[in-house]
Amino acid sequence: MIYEQLERLLTEQGFSKVPSNLPEFSFFFRNENTYVNVLHIIEYKQGLYITEEQYAHIKETIRGFFRTKEAKDVHILSLLICPDMEKAKQLCGSDPLCWLIDPVWKRLLIYENQAADFYGMKSVLENFLSEMAAHEGNEQETFAGSDGNRYDKNRNKVKELIRSSGVNITIVIFNVILFIICTFTGELLYNIGAFSVMDLVENGEWHRIFTSMFLHADIEHLISNMLVLYYIGNVIEKQIGHVPYVLLYFLCGITGNIFSAGYELLSGQYIGSVGASGAIFGVEGALLMLALVHKEKIADVTTGRIVLSIAFSLYSGFTSYFVNNAAHIGGLLTGFVLAGIYWLLLPDSRKG
């Protein structure tokens, strides 16, 4: 059933179907200005067996077919409809241009080594699957009045959240745990971990550039930072993957503190500081860059709203006391630039 509705969706999106003698394999194409986009759909029904070599051969056959039609630039995305996620990952887990569709929970699965988008098709497919699930009346929750089904669905949502944003969630939890420790140990961690340029210059305590990112002055400081980090960080990690997100987060935080050190030396105002704000502003800068280069909404937030949010945050910092604005600006600029470099260096990140 999901295949028939997917075929209808692709037709509405301007794709044409190429006839095939194999009912489990089909592909749709759409001519663009200088290239051809192809969606290769595999409906992995019970009893079907296909090896990785056969899968790769099929994609190469599709590419060859279009080359005979004088299409020099052919982009192929495989959509594997399969309820067995382990079997699906084994088949196309190494292919960056292969997404999985879970026909049971009506969800699109894109792993960290796979393309984050394919010419805007991610949002199209996610909306399609979401509407399909809603149309079925959330049957997984209400079937036979079973609380067990509701529990299973919620558990799967948690698993998916951890799979896509596990690093960011871990960072948030670690910040909270350290703050709890600080409430019982007084100034101990602040004395050895807070950032101050004089501790760097005079004592050589360079670790403070890193450790200060995990300390917060009070509960309000912690909550405001962690709420922003949770919502924006989850979006960015899902977009760029776990390892790039780790590098982005820590480089933004460290660069923010370096900006802070430079400002202290130039101004002669030596004030200790703590907090993850530099890294968080970096994540916001990355969100802005991705929204600009993709030219579409990121997590249903427009570029204008992102700019407004960043401007308001900067304004609040400049009109408040005891705020490390240099770290904010340093982190913001670093995140913006790093996201741009990521987009330039990784071709798959451009698909959007």
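This passage describes the overall make-up of a predicted model, its helix α1 and the surroundings of Met226. Local features required pLDDT of at least 70 and side-chain atom pairs pLDDT 80 or more, whereas totals for chains, interfaces and linings use all residues. Residues are numbered from 1 along each chain as its sequence is written, and side-chain values use heavy atoms, with hydrogens and water left out.

The protein chain contains 14 helices and 6 strands, taken as DSSP runs numbered from the N terminus (helices, H or I, at least four residues; strands, E, at least two). Of its 352 residues, 46% are buried (under 20% relative accessible area, 1.4 Å probe, protein chains only; exposed is over 50%, partly exposed in between). Among contacts (heavy atoms within 4.5 Å) between residues at least 6 apart in sequence, 61% join residues at least 24 apart.

Helix α1 spans residues 2-12, and its buried residues are Ile2, Tyr3, Leu6, Leu9 and Leu10. These residues lie on the same side of α1 because they cover an arc of only 115° around the axis, the arc being that of the directions from the helix axis to the C-beta atoms. The buried residues of α1 pack against β1 (16-18), β2 (25-31), β3 (36-43), β4 (74-81), β5 (98-102) and α4 (121-135). Just after α1, Gly14 has a positive phi of about 90°.

Met226 is located in helix α10 (residues 219-240) and counts as buried because its relative accessibility is 6%. With residues up to four places away in sequence not counted, Met226 touches Val172, Asn175, His216 and Ala276. The C-alpha atoms of Met226 and Ser277 are 9.4 Å apart in space, while the two residues are 51 residues apart in sequence.
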